[in-house]
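Reader: I should like a close reading of a single strand in this model, covering how its faces are covered and what pairs with it. Please then relate that strand to the rest of the chain.

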Amino acid sequence: MKLKLRDGTVLEGADGQDRILSKLYGTCLGRAMLKPLTAPTISKLAGSFLSTKASCFLIAPFIKSNHIDMSQYENVEYDSYNTFFSRKVREEVRPIDPDPKHLISPADSKLTVLPITGDLRFTLKHTEYSVASLLKNDKLAARYAGGYAMIFRLSVDDYHRYHYVADGFQSCHFRIPGALHTVNPIANDYFPIYKENTREYSILHTKEFGNILMMEVGALMVGKIVNHHNKCHVKRGQEKGYFQFGGSTVVLLFKKDTVIPDADLLENTAQGYETVVKMGEKVGIAKQ
């Protein structure tokens with residue numbers, strides 16, 4: 001995995017999640033384990049356990065092994081592993097860029113920015129995606145031809161809440177069920193990503209960026225998506241929802257001539273890097 005910070009610093013090496021997934025997807029034994037691990041019954045049992053007090057013993061080792069700086073988060077007592085996993089960051093450590101014409105990142109994540117080409121297909125980490133197959137809606141997908149797809153990949157050590165990127169009116173949520181599977185790029189050589197993930201999307205009608213499609217994608221085993229709002233006015237930087245245990249991804253789709261992504265993000269993507277971004281920081285500007 002190739003990562004860059006916004007200052008151009010290159011980060012080397014895989015995180016703990018990547019090492020585990022390399023074994024699961026890169027060996028015959030690992031792949032044989034995937035089917036029972038992602039079965040709905042196992043996933044539900046795991047999710048139920050991670051929401052109990054008994055799961056708290058997992059928290060301290062996880063913090064240590066992933067080198068998580070807990071000073072950035074609210075100082076509260078967690079009553080389960082899932083409440084820890086979806087912990088809230090302290091507001092002052094994630095300032096929101098003040099200019100409403102600036103597109104902000106919805107989450108702490110690793111970002112890839114891709115143009116949606118004329119044939120409505122784009123490539124992410126050696127896996128080719130159709131916007132239509134992502135949405136299971138050809139007519140809706142066609143509206144985003146010529147625009148941009150922004151893929152925000154959250155790893156297990158990230159802040160797992162996501163936020164609105166602009167003021168606007170949010171539509172109802174559309175849920176696409178699927179077998180819970182990983183969204184980590186390591187898996188791409190063996191399994192298609194979005195076709196096997198549960199995902200939800202809504203349309204955010206905005207003044208600055210037109211109609212933004214915002215999708216949340218679940219992940220291996222549990223990967224539960226929790227969205228707070230449905231058909232209402234929302235504010236830029238307001239929390240939209242959170243993921244429970246599992247690596248997760250947020251996808252933003254923009255129509256043609258609505259946004260100009262920051263140049264470093266486009267350059268990094270072209271060079272095969274994901275860019276490390278924080279919630280609230282500028283990642284683009286309105287094209288007006």
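Author: In this predicted model, strand β18 (residues 274–277) is covered on both faces. Glu-274 and Val-276 are buried on one side, and Thr-275 and Val-277 are buried on the other. In a regular strand, side chains alternate between the two faces of the sheet.

Two strands that pair with β18 can be described in turn. Strand β1 (residues 3–4) runs parallel to β18, and 2 bridges join them. Within this pairing, Lys-4 has Thr-275 of β18 as its bridge partner. Strand β4 (residues 109–115) pairs with β18 in the antiparallel sense, over 3 bridges. Here Lys-110 stands opposite Val-276 in β18. Strands of a sheet pair through backbone hydrogen bonds, in either the parallel or the antiparallel sense.

Lys-4 also has a contact of another kind. The charged end of Lys-4 sits over the ring of Tyr-273, 4.7 Å from the ring centre. A second arrangement of this sort involves Arg-161, whose charged end sits over the ring of Tyr-242 at 4.5 Å from its centre.

The aromatic rings may be taken next. Across the whole structure, a search finds 8 aromatic pairs. One of them joins Tyr-162 and Phe-243, with 4.9 Å from centre to centre and 55 degrees between the planes, a tilted geometry. Tyr-162 belongs to strand β8 (residues 161–163) and Phe-243 to strand β15 (residues 239–243), so the pair ties together parts that are 81 residues apart in sequence. Both Tyr-162 and Phe-243 are buried. Elsewhere, Phe-62, Tyr-78, Tyr-81, Phe-84 and Phe-85 form one aromatic cluster.

Strand β11 (residues 199–206) offers another case of a covered strand, with 7 of its 8 residues buried. Strand β12 (residues 210–217) pairs with β11 in the antiparallel sense over 8 bridges, and a hairpin joins β11 to β12 through 3 residues. In this pairing, Arg-199 has Val-217 of β12 as its bridge partner. Strand β9 (residues 168–170) is also antiparallel to β11, pairing over 2 bridges; the bridge partner of Phe-169 in β11 is His-205. Strand β10 (residues 174–176) pairs with β11 in the antiparallel sense over 3 bridges, and there Phe-174 has Tyr-201 of β11 as its bridge partner.

A further sheet can be followed strand by strand. This open sheet of 3 strands has the order β3-β19-β17, with antiparallel pairing. Strands β3 (102–104) and β17 (259–261) stand at the edges, each with a single partner strand, so one side of each is left without a neighbour in the sheet. From one strand to the next, the twist averages 35 degrees. The pairing of β3 with strand β19 (residues 282–286) is antiparallel and extends over 3 bridges. In β19, Ile-285 is the bridge partner of His-102.

Ile-285 also leads to strand β17, where Val-259 lies. The C-alpha atoms of Val-259 and Ile-285 are separated by 5.7 Å, although these residues are 26 apart along the chain. Val-259 is buried because its relative accessible area is 4%, under the cut-off of 20%. Leaving aside residues up to four places away in sequence, Val-259 touches Leu-103, Tyr-148, Phe-209, Phe-254, Ile-285 and Lys-287.

These details can be placed within the chain as a whole. The chain has 8 helices and 19 strands, and 53% of its 288 residues count as buried. Among contacts with a separation of 6 or more, 75% come from residues 24 or more positions apart. The chain exposes about 13,100 Å², of which carbon and sulfur atoms supply 57%.

To return to the strand in question, β18 has β1 as a parallel partner and β4 as an antiparallel partner, while Glu-274, Thr-275, Val-276 and Val-277 are all buried.

Note on methods
Residues numbered from 1 in each chain as written. Predicted model: local features only at pLDDT ≥ 70, side-chain atom pairs only at ≥ 80, totals over all residues. Heavy atoms only, no water. Phe/Tyr/Trp six-rings, centres within 6.5 Å; stacked < 30°, edge-to-face > 60°. Helix = DSSP H or I, 4+ residues; strand = E, 2+ residues; numbered from the N terminus. Buried < 20%, exposed > 50% of the residue type's maximum accessible area, 1.4 Å probe, protein only. Lys NZ or Arg CZ within 6 Å of the ring centre and 35° of its normal. Contact = heavy atoms within 4.5 Å. Areas by Shrake-Rupley, 256 points an atom, 1.4 Å probe, with all protein chains shown as cover. Pairing = 2+ DSSP bridges. Axes fitted to C-alpha atoms, helices over the stretch in contact; angles between N-to-C directions.
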